[in-house]
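Biologist: I have the sequence and the model open. Please show me how to read a few features.

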Amino acid sequence: MSMRARQRIRAPRRGIPASKTDDFETNWADLSTSLKKIHTRDASNLSFEQLYRNSYNIVLMARGEDLYERIKKLEQEWLDAEVKTRVTAAISSSLLLAKELAEVQEQANERREAGERFLAAMREAFEDHQLCMGMITDVLMYMDRFMSTDHRKPSIYAAAMALFREHVLQSPIRSDSKTKVVDVLESTILFMIQLERSGQIIDRVLIRHCVYMLEGLYESSNEEESSKLYLTIFEPAFLDASKKFYQAEGRRLLETGDAATFCKVATDRLAEETERCTYTLSSSTESKIKEVLDKELIASNISEVVNLEGTGVRQMLDNDRLDNLRSIYVLSARVDPKKTPLTAAVQKRIVEMGKEINAGAVALAQTPAAIPAPKKTSTDKSEAAKRPAEKEKPVNQQTAAAIKWVDDILGLKKKFDSIWETSFQSDHVMQSAITTSFSDFINSESRSSEYLSLFFDENLKKGIKGKTETEVDSLLDNGITLLRYVKDKDMFEAYYKKHLSRRLLMKRSVSMDAERQMISKMKMEVGNQFTQRLEAMFKDMTISEDLTASYKEHVKKTGDPDTKRIDLDINVLTSTMWPMEIMASATRDDVQLSCIYPKEVEGVKQSFEQYYLGKHSGRKLSWQPTMGTADIRLEFARSNGKIQKHELNVSTYAMVILLLFNEVATGESLTYTEIKEQTRIPDHDLIRNLQSLAVAPKTRVLRKDPMSRDVKPTDKFFFNHDFQSQFLKVRIGVVSGSANKVENQDQRKETEKKMSEERGASIEAAIVRIMKQRKSLTHSKLMTEVLSQLSARFVPDVNMIKKRIESLIDREYLERIEEDPPTYGYVA
Amino acid sequence: MTTPHEYVTLVSGDGFEFVLPRSTACISKTLSMMLDPNSKFSEALTGRCVLENIPGVVLEKVCEYLCYNEKNKNQTNVPDMEIPPELCLELLMAADYLDV
């Protein structure tokens, strides 16, 4: 560069030969005629270069500003003279009726045509203007560059657009009228949209172009985004009109009173407005118009729609109208993330249906109980024969009720799950709503824990026979889901324990695998603490098996020669882990003398006791004959001299009773009192066992005199040599002793009492745990902590906690530190 | 409308003609507007631009620059273009006029 810098730079040649550049007026005259030609669409003969050079020269002459002003003036004159007249001419009188909506069809048609004409004129005028100004701007580019950089003026294009706005749009349509062109334009477009909303087809493209025009024009000349005419004038008017329209539409739809229609219309309207915004108006309006729709059409009406009598959500739920539910869900979700009315309706319906199920179960449980009652009075013989069957019935009926209850709930749950998935798009708010309502009504049924446990019991005993592993799995899973809803889990645990113990001891369980699976599922669901005792029960069972085996070994070693020895199969149970109260069912008897066993059995019993205590010193064995069973072989001497052998599987007590008859000569009898004296079996158990031996139709090993259902102390019992059975092995169950059944009133009270004792203990334990950690705590904080600690197992009663605190203070575990606020301290 | 020609002709004030690809010519904003097929001016229709106030020597250099620009578009480390100092003022004016 330094080399070149030394060379002389020639001054550029001044001017261009043969140009008339020096004269502003000549240049302008040239330019203005050309510009007019452009407006009249006669540009093809014009040379761009020439025009450009004209403006270039003028600007070089430093007359740019003059040029700018003159062009503005030229444009203004053109617009005033030509364009305006053309546009106003297109406004017909029918359009001026703008404000009131044309209701008469003919008038509407006429107005529509006029409107279309006007819009077309408008569009043409604007497009012309745009095109011409585009060309003019191109030509005047040099001026524009100069003007906008040096003088901070808006480009000539913008200025011309502003002129269009002022002199065409905002000019009055008649010299004597106040209505402006733009007002007519606005009302016309709104009218068109109105037509489209009512289902007619309109010229969307035309409107779109007019909207383009409004979008391209600005309120002020600095062209701020927010001052677009579209935004300042048209959009508010449009939104306002839409608001009114949808308010009316909402009312109309509510009057027709069909929720499904409402949803459909609302959904359609939404789609329609989206389409309208895309194709007819501006997409920037979409969100705003949707807001209007949401507010006016949906939000203000949705709760009524949801609750519409006969067609609302309730109806949809009942009839599985999944599509309707989905649309109503989508609509609700638009206006309210919580979807309050919808959730409320769904919850209400779930609770209602749940209550129905509850009521159904109760009704089912009670009907059979009600029927036998009046029959007791009649002494009809045929009815007497029926009685044993009836006696079984209420028990089963109750169980059936429980199982039906669980099944119904599972059905309901499944139904709502599928609704939730397909219609509510797996929405979390809805899910929690459904969950709470389920747990509400499940917990409103006080027997829910018991029913649920019965359900498991039934299934583990019989239900899973012949089912595949996956079926069993899903069955258990279903049950577990319900368990999740049950708040009083300790209650459930108690029942489950009871049922489990029966299954284990009586070997009723179909599959130990399923049992274990169940336990592990519960463990995952509720926690370790919950299943601890259940697992301990399983452990006891295994230990007992080993024990039995080792005892047998022991017997063999000691070399007992007695071949008639009785095989002993024993279950040693840890009393704290097992629900002892159900075994010692005769708790109400004051003094319980242990039963007198026949000497053969007594011998075995003592031998085992010796063996066991020898192994584990310091333990106490207590025998639970109610839970045991025995296999005995009986010989029946038929009247024709033959001897029929049967193997009977009976309860321990029944065995004891039957063994008594060994000592009794054929044909002799024992009275009830005699049996009782000789065995010391508690009344309650004795009656039940005698019933099963003498009354139950298929298992009459004993004959009873008189033959009636009730057992009276004076009744006589005979050994029935004519016992008939097609099987060699017969199982004789104890009447109502072991069946899985709903508890009766007394038993329930008993369980509840026990429950509340247990709860009291856990509450106390929780309080002490918390206080030991915190040393001192205010009453309310202690309450919340206790509640949260225990909520996994049950919902503690606040009064109960208060009582427990009192009692702990009395026993000097806690002390009151302060009165206001009440604060407790831990006494170490 | 007829499809625009692929090449356009630039004519200098003293009668020299330069034929350029349309895309190259359109690097100049002025030229691109002049040749815009949507405007109905004669240049757009004929594809021939008469630039009366640019002499042939300068227009030659302008064309050279346009080609140079087109060739080295989107590249870095491009060698400088040879510009004779006696032409630079006139070139500057032409550049202003053509808005390059």
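**Reading the helices and the chain**

Modeller: Start with two helices of chain A (helices are DSSP runs of H or I, at least four residues, and strands of E, at least two, numbered from the N terminus). The axes of H4 (residues 64-89) and H7 (residues 156-169) of chain A come within 9 Å and cross at roughly 35°. Axes are lines fitted to C-alpha atoms, for helices over the stretch in contact, and angles run from 0 to 180 degrees between N-to-C directions. The model is predicted: local features need pLDDT of at least 70, side-chain atom pairs count only at pLDDT 80 or more, and totals for chains, interfaces and linings use all residues. Residues are numbered from 1 along each chain as its sequence is written, and chains are lettered from A and ligands numbered from 1 in the order in which they are written.

Biologist: Which residues of H4(A) and H7(A) meet?

Modeller: Contact puts two C-beta atoms, placed from the backbone, within 7 Å. H4(A) residues including Tyr68(A), Leu79(A) and Val87(A) meet H7(A) residues including Ile156(A), Phe164(A) and Val168(A).

Biologist: Is Asp323(A) buried or exposed?

Modeller: Count other C-beta atoms, placed from the backbone, within 10 Å: 20 or more is buried, 12 or fewer exposed, in between partly exposed. Asp323(A) is partly exposed because the count is 14. Asp323(A) sits in helix H15 (residues 322-335) of chain A. Its C-alpha atom is 6.7 Å from that of Ser423(A), 100 residues apart along the chain.

Biologist: How many helices and strands has chain B?

Modeller: Chain B has 5 helices and 3 strands. From the N terminus, they run β-β-α-α-α-β-α-α. Of its 100 residues, 29% count as buried.
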